Amino acid sequence: MGILDGLMGHGSIVDPAKLAKHMDGVLIEGETVRMSYRVIRDFFVFTQKRLILVDVQGLTGSKVDYTSIPYRAITRFSVETAGTFDLDAELKIWVSGSPQPVSKTLKKGTDVRGIQRALAQGVLL
């Protein structure tokens, strides 16, 4: 069901080994992926030092935007679950020095609690 979830936009946990292509040259020496989630073609990658938002763009997916947010820069975050009529969940991350949060829309069925837990582990521990 993992393939079907990915096609429908549902967030699913990704094996860090499968991210090697996307993370090549992004991680620093000694940095490892602790957990990652995939939503369609995009990824939320949690390392021991930061959150990396990987936005795969274009039809071929050859253009990729990497947004790196050190946990120490995250001042707060919120995760809104999907409802009965509102099928999308929403993640907002406030970063010091920026008045507007980084916002990501997540489809219903995304493991928003897992994403929230991973964020909390990075920010609070």
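A salt bridge is a side-chain nitrogen of Lys or Arg within 4 Å of a carboxyl oxygen of Asp or Glu. The exercises below apply this and related criteria to a predicted model.

**Exercise 1. The salt bridge**

Determine how many salt bridges the structure holds, and state which parts of the chain are tied together.

*Solution.*
Step 1. The structure holds one salt bridge.
Step 2. The partners are glutamate 31 and arginine 50, whose side chains meet at 2.7 Å, N to O. The cut-off for a salt bridge is 4 Å, and the pair therefore qualifies.
Step 3. Glutamate 31 belongs to the loop between helix H2 (20-23) and E2, whereas arginine 50 belongs to strand E4; the pair therefore ties together parts that are 19 residues apart in sequence.
Step 4. Buried means under 20% relative accessible area. Glutamate 31 has a relative accessible area of 6% and is buried; arginine 50, at 14%, also counts as buried.

**Exercise 2. The fold in outline**

State the secondary structure of the protein chain and the order of its elements.

*Solution.*
Step 1. The protein chain comes to three helices and eight strands.
Step 2. Read from the N terminus, the elements follow the order α-β-α-β-β-β-β-β-β-β-α.
Step 3. The chain has 125 residues, of which 36% count as buried.
Step 4. Among contacts with a separation of 6 or more, 35% are made by residues 24 or more positions apart.

**Exercise 3. The nonpolar cores**

Identify the residues of the largest nonpolar core that touch the most other members, and the elements that give two or more residues to this core.

*Solution.*
Step 1. The largest nonpolar core has 19 residues, and Phe44, Phe46, Leu51 and Leu106 touch the most other members.
Step 2. Two or more residues each come from strand E2 (33-39), E3, E4, strand E7 (88-95) and helix H3 (112-124).
Step 3. Apart from this core lies another, of ten residues, including Val14, Val33, Phe43 and Val45.
Step 4. Leucine 51 may be examined individually. With residues up to four places away in sequence not counted, leucine 51 touches Phe44, Val45, Phe46, Thr67, Ser68, Ile69, Tyr71, Ile93 and Leu119.

**Exercise 4. The second largest pocket**

Describe the volume and the lining of the second largest pocket.

*Solution.*
Step 1. The space in the second largest pocket is about 200 Å³.
Step 2. Its lining consists of 13 residues, and Val39, Ile40, Asp42, Asp55 and Thr105 lie nearest its centre.
Step 3. Strand E3 (42-47), strand E4 (50-57) and strand E8 (102-107) are the elements that give two or more residues to this lining. The largest share, four residues, comes from E4.
Step 4. By class, the lining of this pocket divides into eight nonpolar residues, one polar and four charged.

**Exercise 5. Two strand residues**

Locate lysine 63 and arginine 76, and list their contacts, not counting residues up to four places away in sequence.

*Solution.*
Step 1. Lysine 63 has its place in strand E5 (residues 63-70).
Step 2. Exposed means over 50% relative accessible area; lysine 63, at 56%, is exposed.
Step 3. On the stated count, lysine 63 touches Asp55, Val56 and Gln57.
Step 4. Arginine 76 is found in strand E6 (residues 74-80), and on the stated count arginine 76 touches Lys92, Ile93 and Trp94.
Step 5. Arginine 76 and leucine 119 lie 43 residues apart in sequence, with 9.8 Å between them in space, C-alpha to C-alpha.

Definitions and conventions: Residues are numbered from 1 along each chain as its sequence is written. This is a predicted model: local features need pLDDT of at least 70, side-chain atom pairs count only at pLDDT 80 or more; totals for chains, interfaces and linings use all residues. Side-chain values use heavy atoms; hydrogens and water are left out. On a 1 Å grid over the protein atoms alone, a cavity is a set of points where a 1.4 Å probe fits but cannot get out, and a pocket is an open set with protein on both sides within 12 Å along at least five of seven lines; lining residues have an atom within 4 Å of a point. Grid points are joined across faces, edges and corners, and a volume is the space filled by probe spheres set on the points. Ala, Val, Leu, Ile, Met, Phe, Trp, Tyr, Cys and Pro count as nonpolar, Asp, Glu, Lys and Arg as charged, and the others, Gly among them, as polar. A nonpolar core is a set of buried Ala, Val, Leu, Ile, Met, Phe, Trp, Tyr and Cys residues joined through side-chain atoms within 4.5 Å. Buried means under 20% relative accessible area, exposed over 50%, partly exposed in between (1.4 Å probe, protein chains only). Contact means heavy atoms within 4.5 Å.
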